[in-house]
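Reader: Please pick one residue and look at it closely. Then work outwards, step by step, until I can place it in the whole model. Keep the sentences short.

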There are 2 protein chains.
Amino acid sequence: MRVKLVVAYDGTNYCGWQVQPNGLSVQQVLNETLSQLFDQHIEVVGASRTDAGVHALGNVCAFDVDTRMPGEKIAYALNQRLPEDIVIQESAEVDAAFHPRFSKSDKTYEYRILNRRFADPTLRHNTYFFHHKLDVERMQRAADYLVGEHDFTSFASIHSQTNTFVRTIYEITVTRDASDVVTIRVRGNGFLYNMVRIIAGTLIQIGTGLKEVEDMPRILEGKDRELAGPTAPPEGLTLIHISYKD
Amino acid sequence: MRVKLVVAYDGTNYCGWQVQPNGLSVQQVLNETLSQLFDQHIEVVGASRTDAGVHALGNVCAFDVDTRMPGEKIAYALNQRLPEDIVIQESAEVDAAFHPRFSKSDKTYEYRILNRRFADPTLRHNTYFFHHKLDVERMQRAADYLVGEHDFTSFASIHSQTNTFVRTIYEITVTRDASDVVTIRVRGNGFLYNMVRIIAGTLIQIGTGLKEVEDMPRILEGKDRELAGPTAPPEGLTLIHISYKD
């Protein structure tokens, strides 16, 4: 049977989602733990190959297994065996046609910036600390230009492996909470390699005044990575949720 | 001159605030870093001797130093030398009569409980994960009995060293946020050893129905540690703020 897992992890101590020759990945830990649990060779396929230091509350992966264990019980059996920085949030038997990456989905990411004079050590793994004052209203106005279907070449790492740079962003909001955490929340039908972090790096430059709000449409239309801002650090990024269209 | 520091720390990797023969404390790191910075022997006196694993956003300490460095610059010089899990939020020259523990103050603590079916690995150091459903409205009604001046013997560890168990709680709120973090926020003129964690452990029992709301006044009046709930784990507790009166 095919099983879908919703996986949360603290990415701090991993080299990212995907198996790497050097370094421990989330995928490797899941492969090994599942293979041990079911006493058969299991390899998971993930929806989002998050980078080193990036977190997830709801990444999705799937695997095939020969077992009589009910799908929804697998989460409990796995959580007893996983390290405390990886926690399965849900497990379920799914149709054999389900594929975490190729089945149609919406993804929601949050990029969180602690924007105040001094760092908060209790948030250092989950936020990017940035002390120059950010103008959230400017950031929101610039972000609004990204909503819709666009060619996001300017916001893709040169390491992107893809046929098309066209993606759709449904929604992007920039908010500041009472603790001075500025959150960029973005929902779209797919994201290029480093896309959310490059959007965050660009919005930060607009938030400080280093770039103008009106630069955003020009960056987008220029289709040139050099025009956008830097790739913001990984610790600010969390994959919040993936929603599949049946 | 006497200098006051407002100190934030992630308590995960420390044996607590106070210098211990075995284990590294926040106080020891500050003593050593300050002694090195000013090239003289310096010992800080802290306001709150938080336990191992307990965090602070605003603990306060003070020390005497012979220097011409302006008080407000000391935070920057210190932060360059401190490990990333201790961050000074503010430094200032204060009156020589100022004492972090004996000068009159209000303290605010938060005890945070992640209350849902599965843990969130990104919150594991800053919240206590508890999966039985908590009734926040019951917890708030029980907490209301604690407001005011009372003898808190029932909520003090037997290791408390104090002349009197009478303390005043000004305010206590129990709220649940959209991420199912239940926060017990309490402000008072002083707290006995483990008092906030024992209050949290008792409110958790009331929140699950193991104890009744109406048990709270009986526990308080009984002046017996055995009547209250267990001491909730340290990772849920954060010292938020200390406010000195003039």
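Author: Start with A:Ile199, which counts as buried because it has 28 C-beta neighbours inside 10 Å. The cut-offs are these: a residue is buried with 20 or more other C-beta atoms within 10 Å of its own, exposed with 12 or fewer, and partly exposed in between, the C-beta atoms being placed from the backbone. The model is predicted, so local features need pLDDT of at least 70 and side-chain atom pairs count only at pLDDT 80 or more, while totals for chains, interfaces and linings use all residues. Residues are numbered from 1 along each chain as its sequence is written, and chains are lettered from A and ligands numbered from 1 in the order in which they are written.

Where does A:Ile199 sit? Its place is in helix H4 of chain A. Helices (H or I, at least four residues) and strands (E, at least two) are DSSP runs, numbered from the N terminus. Leaving out residues up to four places away in sequence, A:Ile199 touches A:Leu146, A:Phe155 and A:Val186. Touching here is contact: two C-beta atoms, placed from the backbone, within 7 Å. Now a longer reach. A:Ala52 is 147 residues from A:Ile199 along the chain, and their C-alpha atoms are separated by 18 Å.

Helix H4 also helps to cover another helix. In helix H3 (residues 136–144) of chain A, the residues A:Val136, A:Met139, A:Ala142 and A:Ala143 are buried. They lie on the same side of H3(A), because they cover an arc of only 125 degrees around the axis. That arc is taken over the directions from the helix axis to the C-beta atoms. What lies over these buried residues? The cover includes strands E8 (166–176) and E9 (181–188), with helices H4 (195–208) and H5 (215–222), of chain A.

Next, the chain around it. Chain A has 5 helices and 10 strands. Buried residues are 41% of its 246 residues. Take the contacts in chain A with a separation of 6 or more: 70% of them join residues 24 or more positions apart. The C-alpha trace of chain A spans about 60 × 40 × 30 Å along its principal axes. Its radius of gyration is 19 Å, which agrees with the value near 18 Å for a compact globule of 246 residues. That radius is taken over C-alpha atoms, and the globule rule is 2.2 Å times the number of residues to the power 0.38.

Chain A is also divided into domains. The assignment gives domain 1 (2–94) and domain 2 (105–244); such bounds come from an automatic or database domain assignment. The C-alpha centres of the two domains of chain A lie 27 Å apart. Domain 1 of chain A brings 15 residues to the contact between them, and domain 2 brings 12. On the side of domain 1 that touches domain 2, there are 6 nonpolar, 7 polar and 2 charged residues. Nonpolar means Ala, Val, Leu, Ile, Met, Phe, Trp, Tyr, Cys and Pro; charged means Asp, Glu, Lys and Arg; the others, Gly among them, are polar.

One loop residue makes a contrast with the buried start. A:Asp39 lies in the loop between helix H1 (26–38) and strand E2 (45–46) of chain A. A:Asp39 is exposed, with 9 other C-beta atoms within 10 Å. Its phi is near 55 degrees, a positive value in a residue other than glycine.

Last step: the second chain. Two copies of a chain are related by a rotation about an axis and a shift along it. Here a rotation of 180 degrees with 0.0 Å of shift superposes chain B on chain A, with an RMSD of 0.0 Å. That is the relation of a two-fold axis. The fit is by least squares on the C-alpha atoms of residues with pLDDT of at least 70 in both copies. B:Leu123 comes closest to the rotation axis of the residues of chain B, at 4.8 Å (C-alpha).

How many residues meet between the chains? Chain A and chain B give 19 residues each. On the chain B side, strands E1 (2–9), E3 (55–64) and E4 (86–94) each supply at least two residues. E4(B) gives the most, with 4 residues. By class, that side of chain B has 9 nonpolar, 5 polar and 5 charged residues. The copies meet through the same surface, because 100% of the interface residues of chain B are also interface residues in chain A.
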